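Hi everyone, thanks for coming. I'd like to spend a few minutes on charged pairs first and on nonpolar packing after that. Let me put the structure up.

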Amino acid sequence: MSISISSLASSLSSLSFSSQISQKPNTLSFSRSKSLSLSLSPYSNSNKQPFTLRVTATVASPETTTTDLKKLVKSRLPGGFAAQPIHGTGRRKCAIARVVLQEGTGKVIINYRDAKEYLQGNPLWLQYVKVPLVTLGYESSYDVFVKAHGGGLSGQAQAISLGVARALLKVSQNHRIPLKREGLLTRDSRIVERKKVGLKKARKAPQFSKR
């Protein structure tokens, strides 16, 4: 039997699977679904016996995790975001983030999803979210619940940072000095400059032609 392993290396490297191989027929079972292509020789051994390979995959629904997190947020925040004592609102570009802090273990949930999943694992965006807590040494003391909309992920991450910093002021006014020293309480007012009439963009003009 000859199997083209090079064609499967990229797809199998991201899978954690358990194989269950029987004699007739040979089967493999994977815990997650991936589209696989196998190249097999028509015969498995010198006795010229046909070899068959059957692949079965089970799909884990991502909606299950989202539903569990939604139930968790609603149980932790009775009455919604606005009814919580420690909350703050941050804005950046077109993004708006409403943030609630509760004593916990450092969990960050954005729009009922884990922060690492929502921000696509981008280390810079994750750092924006955690900088105010790290500045005060609270990275493992508070859980952060966020409802964000508008703009892109970069703008939302910076809006969350401002929201977390403002929420920390409601914990204690003594936090203002270290947060302000790091510039975490300043609302960044920079936005994209509007396009002008007669120009291609905000300042880019068409090519000049003398005749």
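Here is one to start with: does Asp188 count as buried, partly exposed or exposed? This is a predicted model, so please keep that in mind as we go. Asp188 has a relative accessibility of 22%, so it counts as partly exposed, the cut-off for buried being under 20%.

Now look at what Asp188 does with its side chain. It meets the side chain of Arg190 in a salt bridge, at 2.7 Å from N to O. Arg190 itself is exposed, with a relative accessible area of 58%.

How many salt bridges does the structure hold? The count is six. Let me show you two others besides the pair we just saw.

One of them joins Lys196 to Glu193, with 2.9 Å between the closest N and O atoms. Both ends are partly exposed: Lys196 is at 24% relative accessibility, and Glu193 has a relative accessible area of 40%. While we are in this part of the chain, let me go back to Asp188 and Arg190, as they belong to a network: salt bridges that share partners link these two with Arg92.

The other pair is Arg113 with Glu117, where the closest N and O atoms are 3.5 Å apart. Here too we have partly exposed residues, Arg113 at 31% and Glu117 at 44%.

Let's move on to the nonpolar side. In soluble globular proteins, nonpolar side chains tend to be buried together. In this model, the largest nonpolar core has 29 residues. If you want to find its best-connected members, click on Leu101, Ile110, Leu119, Val144, Val146 and Ile160, which have the most contacts inside it.

Which elements give two or more residues to this core? Among the strands, they are strand 4 (95-103), strand 5 (108-110) and strand 7 (142-149). On the helical side, we have helix 3 (115-118), helix 4 (123-136) and helix 5 (153-171). Helix 5 gives the most, with eight residues.

Leu101 is a nice place to zoom in. Setting aside neighbours within four places in sequence, Leu101 is in contact with Ile86, Tyr142, Asp143, Val144, Val164, Ala167 and Leu168.

Before I stop, there is one more core to point out. It is separate, has seven residues, and includes Leu69, Val73, Leu77 and Phe145.

That's it from me; I'm happy to rotate the view for anyone who would like another look.

Terms used: Residues numbered from 1 in each chain as written. Predicted model: local features only at pLDDT ≥ 70, side-chain atom pairs only at ≥ 80, totals over all residues. Heavy atoms only, no water. Salt bridge = Lys/Arg side-chain N within 4 Å of Asp/Glu carboxyl O. Buried < 20%, exposed > 50% of the residue type's maximum accessible area, 1.4 Å probe, protein only. Core = buried A, V, L, I, M, F, W, Y, C linked by side-chain atoms within 4.5 Å. Helix = DSSP H or I, 4+ residues; strand = E, 2+ residues; numbered from the N terminus. Contact = heavy atoms within 4.5 Å.
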